[in-house]
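Let's take a walk through a protein together, beginning with the charged side chains that pair up. Have a look at the structure, then read on.

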Amino acid sequence: MSGYTEEYLKQKLTEKLEASHVEVTDESDGCGGKFSAVIVSSQFQGKALLQRHRLVNSALTEELKTIHAFSQKTYTPEQWAAEGH
């Protein structure tokens, strides 16, 4: 059990990545061990998928020590708009 909440992770990602949109879903039935996230940030511009994921992981360095599973989808604002959002 990590003790982290969807709201806490959303706030941290928004702040650290200057994200324009963040969705975090606790997929662990409330124990905080498994999360998925959608993150939209201009910091992802020109970066490969692996570089984007490293940015996200570095923003959550401490949290990921106790979160067992964290899946992420990363978009630039342009990619997010092109997806129809």
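How many salt bridges are there in this predicted model? The count comes to two.

In one of them, Lys 12 pairs with Glu 63, and their closest N and O atoms are 2.8 Å apart. Find Lys 12 in helix H1, which covers residues 6–17, and Glu 63 in the loop between helix H2 (49–59) and strand E3 (69–75); the pair therefore ties together parts that are 51 residues apart in sequence. Is each partner buried or exposed? Lys 12 is partly exposed, with a relative accessible area of 21%, while Glu 63 is buried, at 2%.

The other salt bridge joins Lys 65 to Glu 62, with 2.9 Å between the closest N and O atoms. Here Lys 65 is exposed, with a relative accessible area of 59%, and Glu 62 is partly exposed, at 46%.

Now step back to the whole chain. It has three helices and three strands, and reading along the sequence you meet them in the pattern α-β-β-α-β-α. The radius of gyration is 12 Å, close to the 12 Å that the globule rule gives for 85 residues, so the chain is as compact as a globular protein of that length. Along its principal axes, the C-alpha trace spans about 35 × 25 × 20 Å.

What share of the 85 residues counts as buried? That share is 35%. As for the outside, the accessible surface comes to about 5100 Å², and 48% of this belongs to carbon and sulfur atoms. Finally, back to charges: the chain carries 9 positive and 12 negative ones, and their mean positions are 8 Å apart.

Key:
Residues numbered from 1 in each chain as written. Predicted model: local features only at pLDDT ≥ 70, side-chain atom pairs only at ≥ 80, totals over all residues. Heavy atoms only, no water. Helix = DSSP H or I, 4+ residues; strand = E, 2+ residues; numbered from the N terminus. Rg over C-alpha atoms; globule rule 2.2 N^0.38 Å. Buried < 20%, exposed > 50% of the residue type's maximum accessible area, 1.4 Å probe, protein only. Areas by Shrake-Rupley, 256 points an atom, 1.4 Å probe, with all protein chains shown as cover. Lys, Arg positive; Asp, Glu negative; His and termini not counted. Charge placed at Lys NZ, Arg CZ, Asp CG, Glu CD. Salt bridge = Lys/Arg side-chain N within 4 Å of Asp/Glu carboxyl O.
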